Every structure is written in C-alpha cells, then in structure tokens.
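Thanks for picking this one up. Please have a look at the sequence and the model first, and then read my notes beside them.

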Amino acid sequence: MTSKILNVEGMSCDHCKMAVTKAVGSLEGVESVEVSLESNTATVEFEESRVPLDTIKQAIEAQGYDVV
Ligand SMILES: [Cu+2]
C-alpha cells in the first residue's frame with residue numbers, strides 16, 4: 001500500500017471536497033482518500049500496481065481541480 005499527499009488547487013467548499021473524494025474513492029485500487037480544505041490536500045492510500053498515481057491525478061483534474 002502506498003500513501004501519498006497530493007496538493008490540490010481550486011477546492012473551496014464541501015462540494016469540492018465531496019467531488020474529489022468521490023472521484024478518487026471510486027477508482028479501483030484506492031483504499032482510502034482524505035481531503036482537507038484547510039491544507040488543500042488529498043491524502044490517498046492506494047495499490048500502485050492496480051492504480052497508477054497519474055490515474056488518481058487525472059481523476060481529480062477531470063473534476064476541474066489542479067494537482068500541483
Ligand atoms: Cu466547492
């Protein structure tokens with residue numbers, strides 16, 4: 001299991017938090033996702049062999065946010 005803290009730009013409210021949480025959480029191979037509006041981060045636990053980090057980033061970006 002890999003744990004990564006991603007810096008996400010553009011999240012401003014609970015809707016954003018939910019959108020990112022849902023998008024990442026629904027990916028095959030993602031064990032858990034914890035989004036913080038305070039620190040603009042998404043902490044993701046995932047199986048790197050099943051879901052590459054790029055796929056997680058793309059899922060967030062597809063919701064309209066930037067991963068920096
Ligand atoms: Cu929002």
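Below are a few points on the core, the copper site and one serine.

1. A word on the model before we start. It is predicted, so local features need pLDDT of at least 70 and side-chain atom pairs count only at pLDDT 80 or more, while totals for chains, interfaces and linings use all residues. Residues are numbered from 1 along each chain as its sequence is written, and side-chain values use heavy atoms, with hydrogens and water left out.

2. The largest nonpolar core (buried Ala, Val, Leu, Ile, Met, Phe, Trp, Tyr and Cys residues joined through side-chain atoms within 4.5 Å) has 21 residues. Val24, Val44 and Tyr65 are among those with the most contacts inside it. At least two core residues come from each of S1 (2–9), H1 (14–25), S2 (30–36), S3 (41–46) and H2 (53–62); these are DSSP runs, helices being H or I of at least four residues and strands E of at least two, numbered from the N terminus.

3. Look next at valine 44. Setting aside neighbours within four places in sequence, its contacts (heavy atoms within 4.5 Å) include Leu6, Val24, Val30 and Ile56.

4. The copper ion has Cys13 (SG) and Cys16 (SG) as its protein donors, 2.1 Å from it. Donors are N, O and S atoms within 2.8 Å of the metal (3.2 Å for Na, K and Ca); water is not among the atoms, so sites may look incomplete. Cysteine 13 is partly exposed at 34% relative accessible area, whereas cysteine 16 is buried at 6%. Buried means under 20%, exposed over 50%, and partly exposed in between (1.4 Å probe, protein chains only).

5. Finally, serine 36 sits in strand S2 and is buried, with a relative accessible area of 19%. Beyond its neighbours within four places in sequence, serine 36 touches Met11 and Thr41.
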